[in-house]
Amino acid sequence: ARLGLPAARPVEVRTVRLPRVYPILRPGTAWDLAALTWWLADQPRLVSFGRQGSFVPDNTHHALLMGEAAAGALGVDGAWDAQAWAAAVDGFRSHVVED
């Protein structure tokens, strides 16, 4: 409301209970992730982050920090600050899942 967005008008609310929410990674996933990371390094207009994009079972506040860092790496002129993003990604490595 403070931002002037229209009021939300939900049409349905649904609760789904799942036996687990964290991904079950198979052997070899680290290699797949490394290959994807190297491929992404050659894609200047692509960035992958968040729980699924980084293949990490982070908490919600970690995912929000990733989004904030991505927004911060995008300049007002639309230019991507690759160094700022790389520094942020290094910081993500310190995230610890909290139960």
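A helix here is a DSSP run (H or I) of at least four residues, and a strand is an E run of at least two, both numbered from the N terminus. The expected span of a helix is 1.5 Å times one less than its number of residues.

Before you click around: this is a predicted model, so local features need pLDDT of at least 70 and side-chain atom pairs count only at pLDDT 80 or more, while totals for chains, interfaces and linings use all residues. Residues are numbered from 1 along each chain as its sequence is written, and side-chain values use heavy atoms, with hydrogens and water left out.

**Whole chain.** Start zoomed out. You should find four helices and zero strands. The C-alpha trace spans about 45 × 40 × 25 Å along its principal axes. The radius of gyration, taken over C-alpha atoms, is 17 Å, against near 13 Å for a compact globule of 99 residues (the globule rule is 2.2 Å times the number of residues to the power 0.38). Buried residues (under 20% relative accessible area, with exposed meaning over 50% and partly exposed in between; 1.4 Å probe, protein chains only) make up 14% of the 99 residues.

**Helix 3.** Select residues 60–73. These 14 residues should span 20 Å, and the end C-alpha atoms are indeed 20 Å apart. Now show the side chains of His62, Met66, Ala70 and Ala73, which are buried. They share one side of helix 3, because they cover an arc of only 85 degrees around the axis (the arc is that of the directions from the helix axis to the C-beta atoms). Spin to the other side and you meet the exposed Leu64, Glu68, Ala71 and Gly72.

**Before helix 1.** Next, pick Arg14, in the segment before helix 1. Its C-alpha atom lies 35 Å from that of Gly28, 14 residues along the chain. Which side chain does Arg14 meet in a salt bridge? That of Glu12, at 2.8 Å, N to O (a salt bridge is a side-chain nitrogen of Lys or Arg within 4 Å of a carboxyl oxygen of Asp or Glu). Arg14 is exposed at 63%, and Glu12 is exposed at 53%.

The whole structure has two salt bridges, so select Arg26 and Asp32 too: their side chains meet at 2.4 Å, N to O. Arg26 is partly exposed at 49%, as is Asp32 at 40%.

**Last stop.** Select Leu18, also in the segment before helix 1 (29–41), and exposed at 56%.
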